[in-house]
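Please open the model in your viewer and keep the sequence panel beside it, since each stop on this tour begins with a selection. The stops go from single residues in loops to helices and strands and the contacts between them.

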Amino acid sequence: MAQPTDVETTGRYLVLLEEDSVAAGMSAINRVAGIRTVSTADAAGASASDQFGAANGLMLHELGVAVVDAGPEQVSRLNRAAAEPGPISVVEPERVVHAIAVEASAPEAAAVDESTFTWGVQAVSANLSNATGAGIRVAVLDTGVDKTHPDLAGRTLVTSSFVNGEDVQDGHGHGTHCIGTSCGPRTPQTLPGYGIAHQAEIYAGKVLGNRGSGDDGGILAGISWAITNGCAVVSMSLGADVAPGTAYSQVYEQAAQRAMSRGTLIIAAAGNASDRHNGRIAPVGHPANCPSVMAVAAIDVRGGIAPFSSGTVDTIGQVDLAAPGVDVHSSWPMPTRYRRISGTSMATPHVSGVAALIAQQTGARGWELWAWLVQSAHRLPLPSTDVGAGLVQAP
């Protein structure tokens with residue numbers, strides 16, 4: 001498989017260990033490359049950002065993945081170790097990832113009456129469901145959350161930052177918007193209601209900084225945190241564009257499989273790299289192109305595929321589901337309070353919220369929850385390469 005030629009990287013590396021080999025892997029990384037790693041399991045009292053900056057390597061205990069600072073010779077030694085039998089399995093450069101959103105064109109939403117509920121809530125039938133998401137923990141890994149937002153008052157809100165030098169307070173807005181869609185209110189003081197799993201427990205992990213960018217290590221640390229906290233759903237409206245034929249990350253794929261085995265489903269944005277008006281469809285981006293990460297495309301209020309929505313163009317990454325992602329009204333940091341934006345970023349929390357509703361109603365977790373989502377989706381008169389199984393539907 002071709003490797004991307006213009007991938008934005010940080011200079012650090014991800015080291016995947018064989019299953020259940022954390023202790024041996026930490027020892028091997030030190031022995032082979034002289035890199036000392038600190039395990040998240042041994043630094044529980046420290047903040048996530050402090051853990052991440054504490055050594056030249058951080059071992060994400062729940063995932064069996066280390067994020068390391070390594071020079072060329074150290075990387076060469078780690079790669080040689082990965083080619084031999086032992087605890088070190090894969091070595092990959094750490095990528096830079098971004099929030100995935102575009103400006104909305106507000107007149108589009110006028111096609112549906114939004115006086116009570118947003119068109120997205122209506123499209124996925126959440127307003128007709130008896131499920132609320134109560135008791136289900138949903139992790140939204142993004143730019144953080146506005147902890148002062150009045151629409152989140154009284155809700156269970158657990159936060160952690162994985163961005164060095166920044167607390168979880170959302171200085172960007174993207175994270176607050178995604179949390180609003182997935183877990184916001186149905187009856188806010190100012191209508192319309194916009195939340196899908198409106199009684200779910202919110203776990204807001206800041207993995208993207210206030211400028212809207214982050215790195216693989218922070219995201220994987222957020223996933224590890226979500227697993228540790230028993231989150232049934234991880235919502236990631238973020239990613240990096242890839243060239244056609246680009247291999248998916250083996251590190252993320254194994255991390256997603258290990259999350260699934262612990263009952264945590266990862267849902268991610270397919271990407272906004274297409275220009276369908278000019279006939280160009282971009283492949284599903286990183287990390288949504290991993291087989292064990294559910295990739296979400298965006299549709300508009302009329303049921304058409306969004307012109308920016310990335311799609312299935314080869315055998316590497318595929319779209320699994322579609323959800324409302326154009327002109328989506330949701331929460332925004334105060335004093336703005338609300339904003340309408342577009343993107344597969346906006347589609348992803350619709351699916352994550354529905355996943356929480358299904359998890360509450362059925363008890364399904366992991367692969368069983370994935371199956372419920374795709375089997376209950378509303379089939380659309382669009383190619384499966386664009387929308388996967390169809391439009392996600394609440395139970």
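Begin by selecting V313, which sits in the loop between strand 14 (294–299) and strand 15 (321–324); bear in mind throughout that this is a predicted model. With a relative accessible area of 37%, V313 is partly exposed, as that value lies between the 20% and 50% limits used for buried and exposed. If you display its surroundings, leaving aside residues up to four places away in sequence, you will find that V313 touches I281, A282 and P283. Now add P244 to the selection: although 69 residues separate V313 and P244 in sequence, their C-alpha atoms are 7.3 Å apart in space.

Next, move to V242, in the loop between strand 12 (238–239) and helix 7 (250–261). V242 has a relative accessibility of 12% and therefore counts as buried, the limit being under 20%. Its contacts, again without residues up to four places away in sequence, are R95, P283, V284, G285, H286 and N289. One of these, G285, is 43 residues from V242 along the chain, and the C-alpha atoms of the two are separated by 5.4 Å. P283 deserves a label here, being touched by V242 and also by V313.

**Helix 3 and what covers it**

Select residues 72–82, which make up helix 3, and colour V75, L78 and A81, which are buried. Turn the view until you look down the axis of helix 3: its buried residues fall within an arc of 120 degrees, so they line one face of the helix. Among the elements that cover these buried residues are strand 1 (9–17), helix 1 (22–33), strand 4 (65–69) and strand 5 (88–99).

Keep helix 3 in view and add helix 1, whose axis is 9 Å from that of helix 3, the two helices packing at an angle of about 130 degrees. This angle makes helix 1 oblique to helix 3, and the crossing of the two is right-handed. To see the contact itself, show the side chains of I29, V32 and A33 on helix 1 together with Q74, R77, L78 and A81 on helix 3.

**Strand 4 and its partners**

Now select strand 4, where 4 of the 5 residues are buried, so that the strand is mostly covered. Strand 1 pairs with strand 4 in the antiparallel sense over 5 bridges, and within this pairing L16 has V65 of strand 4 as its bridge partner. Strand 3 (residues 57–60) also pairs with strand 4 in the antiparallel sense, over 4 bridges, and here G57 has V68 of strand 4 as its bridge partner. Follow the chain through the hairpin of strand 3 and strand 4, which has 4 residues between the strands, and stop at G64, which takes a positive phi near 70 degrees.

**An open sheet and helix 5**

For the next stop, select strand 6, strand 17 and strand 16, which form an open sheet in the order 6-17-16 with antiparallel pairing. Strand 6 (102–103) and strand 16 (328–332) stand at the edges with a single partner strand each, so one side of each is left without a neighbour in the sheet. Strand 16 and strand 17 (residues 337–342) are paired over 5 bridges in the antiparallel sense, and you can find S330 standing opposite R339 in strand 17.

Add helix 5 (residues 174–183), which packs on the sheet and touches strand 16 and strand 17, its direction making about 115 degrees with that of strand 16. How many residues of helix 5 are buried? Helix 5 is mostly covered, with 10 of its 10 residues buried, including H174, H177, C178 and C183. These buried residues pack against strand 5, strand 7 (137–142), strand 9 (201–206), strand 16, strand 17 and helix 8 (344–362).

**Helix 8 and helix 9**

From helix 5, go on to helix 8 and select helix 9 (residues 366–375) with it: the axes come within 10 Å and cross at roughly 115 degrees. That angle makes helix 8 roughly perpendicular to helix 9, and helix 8 passes helix 9 in a right-handed crossing. To finish, display the contact, made by V351, V354, A355, I358, A359 and T362 of helix 8 and by L369, W372 and L373 of helix 9.

Methods: Residues numbered from 1 in each chain as written. Predicted model: local features only at pLDDT ≥ 70, side-chain atom pairs only at ≥ 80, totals over all residues. Heavy atoms only, no water. Buried < 20%, exposed > 50% of the residue type's maximum accessible area, 1.4 Å probe, protein only. Arc of directions from axis to C-beta. Contact = heavy atoms within 4.5 Å. Pairing = 2+ DSSP bridges. Axes fitted to C-alpha atoms, helices over the stretch in contact; angles between N-to-C directions. Parallel < 35°, antiparallel > 145°, perpendicular 65-115°, else oblique. Left-handed = near helix turned anticlockwise from the far one by under 90°.
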